[in-house]
Amino acid sequence: MEIDPLIFRLSIFILSIFVGYYVVWSVTPSLHTPLMSVTNAISSVIIVGAIIAGLSGNSENIFNDSSIFGFLAIALAAINIFGGFLVTQRMLAMYKKKKKDK
Amino acid sequence: MISANLSAIFYLVSGVLFILALRGLSSPETSRQGNLFGILGMIIAITVTFLSIGNFSTGFIYVLIFILIGGSIGAFIAYKIPMTAMPELVAGFHSLVGLAAVFVAISAFLNPEAFNLGTSGNIKLGSLIEMSIGAAVGAITFSGSVIAFLKLQGIMSGSPITFKGQHPLNAIILISIVVLIYLLCSTQSSNLFWILIAVSFLIGFLLIIPIGGADMPVVISMLNSYSGWAAAGIGFTLENTALIITGALVGSSGAILSYIMCKGMNRSFFNVILGGFGATDQTSSSKNKDQRPVKSGNADDAAFLMKNASSVIIVPGYGMAVAQAQHALREMVDTLKKNGIKVSYAIHPVAGRMPGHMNVLLAEANVPYDEVFELEEINNDFANADVAFVIGANDVTNPVAKTDPQSPIYGMPVLDVEKCKSVLFVKRSLSPGYAGIDNDLFYKENTLMLFADAKKMTEDITKNL
């Protein structure tokens, strides 16, 4: 009997939860705010679904009632991707070590 | 156009890059590289999506235009936002992820053919369950984050909003969501789909209004987690590995942060979520307030104490963020260091309005991160320090948490500030903190209260040093 592909996706999902668990515990507490902004940015990979949705219309009618939601989602996710990564970059650039000129 | 197998492999690669992005955050040195991994992962995911669709017609141009519009808004916000507003920004961003998940789910429901999910009115059962869960969680994330944003921004009062029958009402709505998903799967009715989304918006709103301002660190972490689960739900619908991996990562990350925050307050997750904390009997605690003597001083006294100290520990809190005092504080510390005084910073896990909030503000003010310590690292040092300078923190320094089992904050880990030879406490007035209880520290022999705006007081002390 064949295994449903859903089971494979479920396996990836469960294993990723464990990976996430161990990786996040190793994040230093002083970087918890950048952690939140970067998780925000990466969860916007949902833009992949938004792009598929946006391009689902045909060439005469690009904005049909289904694809319009896709386009809106593209804009929302893009705000998050650019905003999330850039603000994380900005924050991380501020974390500096003590100067050794003492 | 590339094959489905090849694109699946690329999605896996971008999922792995996202794991590395989080991994990089284990230390500030590797964190910047980690962020680049994250960006690379995102570029791969988007490019592969374009290639796998292989349709570079007019629609493609429109997609680029929308990315550009969203991207410039995002970039503009990212450069303009002050660091003190990070909690609001993150809450706002969560709401966008939630709404994007809802939109993708709606689009998939209206046009399942485009996603290979069957035909309209006859969507594959598994996909329908996945997309309705994605839509429901996304909607909860959206409306919950909007409320969190409004509370943090001060547009909506930070005090908890409670009413009679609140918990039963929430329970009924949550059950009705499950029932709606079940009915939706058996009837495929689009009306039920819209009702499901509307009800989910409602419950997100109702879940967050009873939670008070200082519990926001938990709320933000929790919504972070929700946005991850919503993304994972959509990832299952789209059979997309990158989205499933990311959703799981973000979901567990938010859950861990909520746990850390709850532990920092010694409260159970449910206690925070059910809300209403800090709304109870403010009056009873204020009764005997004026009877106890308090020593208050001015900037001159504070400067004198610090000049004669050999080590000073700074305890920043939310008040520092409100007063934007972090730069003034750094200048004061620079002067102290010039006088050969050892200075370190002590940060409580729940200081501020989101996890790690104080660390970012101090980093912004050019405080080296190796002078900043977490509660467990520094708590023993208070006994050997000469001066503790508490700026904008309150409940997290209250010794009552260790001594009075009747106190609502009993058992919460606190900074042992009272063990210092002397304590300088910058505060506007004697009013109790968020927990609504008096801070015993105010009345200790060795405490000097400095009643003023945190920023102004710090500047005045610097002048007097």
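## A salt bridge between the chains

Between chain A and chain B the count is one salt bridge, a term for a side-chain nitrogen of Lys or Arg within 4 Å of a carboxyl oxygen of Asp or Glu. Its partners are A:Arg9 and B:Glu239, whose side chains meet at 3.5 Å, N to O.

This is a predicted model, in which local features need pLDDT of at least 70, side-chain atom pairs count only at pLDDT 80 or more, and totals for chains, interfaces and linings use all residues. Residues are numbered from 1 along each chain as its sequence is written, chains are lettered from A and ligands numbered from 1 in the order in which they are written, and side-chain values use heavy atoms, with hydrogens and water left out.

## The wider interface

Let's widen the view: 77 residues of chain A are in contact (heavy atoms within 4.5 Å) with 103 residues of chain B. The two chains bury about 8300 Å² between them, 78% of it on carbon and sulfur atoms; buried area is the accessible area (1.4 Å probe) that two parts lose on being put together, summed over both.

## A shared pocket

Where does B:Glu239 turn up again? B:Glu239 is among the residues closest to the centre of the second largest pocket, together with A:Ile52, B:Ala4, B:Ser7 and B:Leu238, out of 25 that line that pocket. Here a pocket is an open set of points on a 1 Å grid over the protein atoms alone, where a 1.4 Å probe fits, with protein on both sides within 12 Å along at least five of seven lines; lining residues have an atom within 4 Å of a point.
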